[in-house]
Amino acid sequence: MRPKPRTGSRRSPVIPSLIFLAVCALPASAASPPCNPCVGIQVSAPGPWLGEVSAEPALIDEARLYVAWPTTPDGEAAADTRQVRATGATPWLRVSFSTPSPLAQNLSALESELEGLARIARDADPTTHYQIEWSSSTGDPSEYAFLVKRASIALTGVRPDARVISPALPADPAIAEAWYAEDLEAYVDGIALLPAAETELAVAIERLRELDPGKPVILSGVRVPERPARSIVVASRQAAAGVGVTLFDLGAPSAEVLAPLKTLANEFQGEDLAFDPYSSPPGAWAFVKGEDLSLLVVVDRGDGTSRIEFADSTLRRPTQVNLLTGGGAELFGLQRTATGLAIPLEGDAAAAILRLARPDLADLVGESGLAEEMTITTVRTMPVAEILRR
């Protein structure tokens, strides 16, 4: 989940704004996963259903579909991680420690479990994520944080780039504060939260942003909607609210559940995707690519929506992605509206994914007949919110 650091509309001659967008729209974050929205599944164990992960639509090389399952430090999970990775998915071990509390009086048992964790990490697939859980926890954040720190040291001692995730915490700012009072930020690469009401979750995420800016939040154990295609709607809504990874709770997933999640993972992979509230119509979530400012849009069609309207007449080449196969078909029958563009949708799926292109700088210069020169006399870092407003 830790990518490498990066370096860096309407018809009008606002080319400087587009240049700033292309260069600055997506600030680097050393801990952010290389996808947005990011999705995964929590399962009881790897099994025959892994064949469905390998089936069409197959995951592309850079896609992230996380597969999380429980194990223990004395388990044989390393081989399972390699099996999961062979499907194109990213393994995520929920490692449950059982050393009794208080830990200070049971250090020998703890050291034995830490050695087991290190053995797993040594043989596991390098992309494996490790979520540290404790079945004997008394709820004391200082003790639990001590365990997480020791586990993190054991993991990074074997694999310096190991991704360490906190246990799933209640969406309560007070609990987050208690954990961060233990100087946890240097030992984990992501903070997991349990599902909660939208308002409670928003408050908890905002507090975590203050405590540990840039650290991704994982929403763990989300229920799959009755209509599985709408899982991508849930994930997009959570991503817009600041969730880094949404993990859906499943036992042994079916092809019907996996297909839309795999398609989402393929389409929304990359480090340069940011939620764009200014391009998102009601009932949809638009994510802009820093590379070319094109849009990837998830549309909620739960109410039978057959078309979607954008307040941007420059959008072009709308393509609807088939959630079951991953293939794309260009849409026709576009209509100009008083405020922008209306695009018809095909099929009757409960959700849709659209690709939308924007004109590049050469197009704008060609359309307006303008070539513009700029002299930059001052330099400042432009916040993403201001960039999107422009």
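## The hairpin of S13 and S14

In this predicted model, a hairpin links strands S13 and S14, with 6 residues between the two strands. Look for Gly326 in that hairpin: its phi is positive, near 85°.

The two arms of the hairpin run antiparallel and are joined by 3 bridges. S14 covers residues 328-330, and its Gly328 faces Val321.

## Another partner for S13

Strand S13 (residues 316-321) also pairs with strand S17, which spans residues 351-357. This pairing is antiparallel too, with 4 bridges. To find it on your screen, start from Gln320, which stands opposite Leu354 in S17.

## Strand S8 and its neighbours

Now let's move to another part of the chain. Strand S8 takes in residues 245-249, and 4 of its 5 residues are buried, so the rest of the structure largely encloses this strand.

Which strands pair with S8? One is S1 (residues 39-42), which runs parallel to S8 over 4 bridges; here Val39 has Thr246 as its bridge partner. Another is S7 (residues 217-223), also parallel, with 5 bridges to S8. In that pairing, Ile218 lies opposite Val245.

## From S7 to S8

How does the chain get from S7 to S8, and what is the handedness of the crossover? The path leads through helix H8, residues 231-240, and the resulting β-α-β crossover is right-handed.

As you trace the strands, it may help to recall that side chains in a regular strand alternate between the two faces of the sheet.

Terms used: Residues are numbered from 1 along each chain as its sequence is written. This is a predicted model: local features need pLDDT of at least 70, side-chain atom pairs count only at pLDDT 80 or more; totals for chains, interfaces and linings use all residues. Side-chain values use heavy atoms; hydrogens and water are left out. Buried means under 20% relative accessible area, exposed over 50%, partly exposed in between (1.4 Å probe, protein chains only). Two strands pair if DSSP finds at least two bridges between them. A crossover is right-handed if, with the strands pointing away from the viewer, the path from the first strand over the helix to the second runs clockwise.
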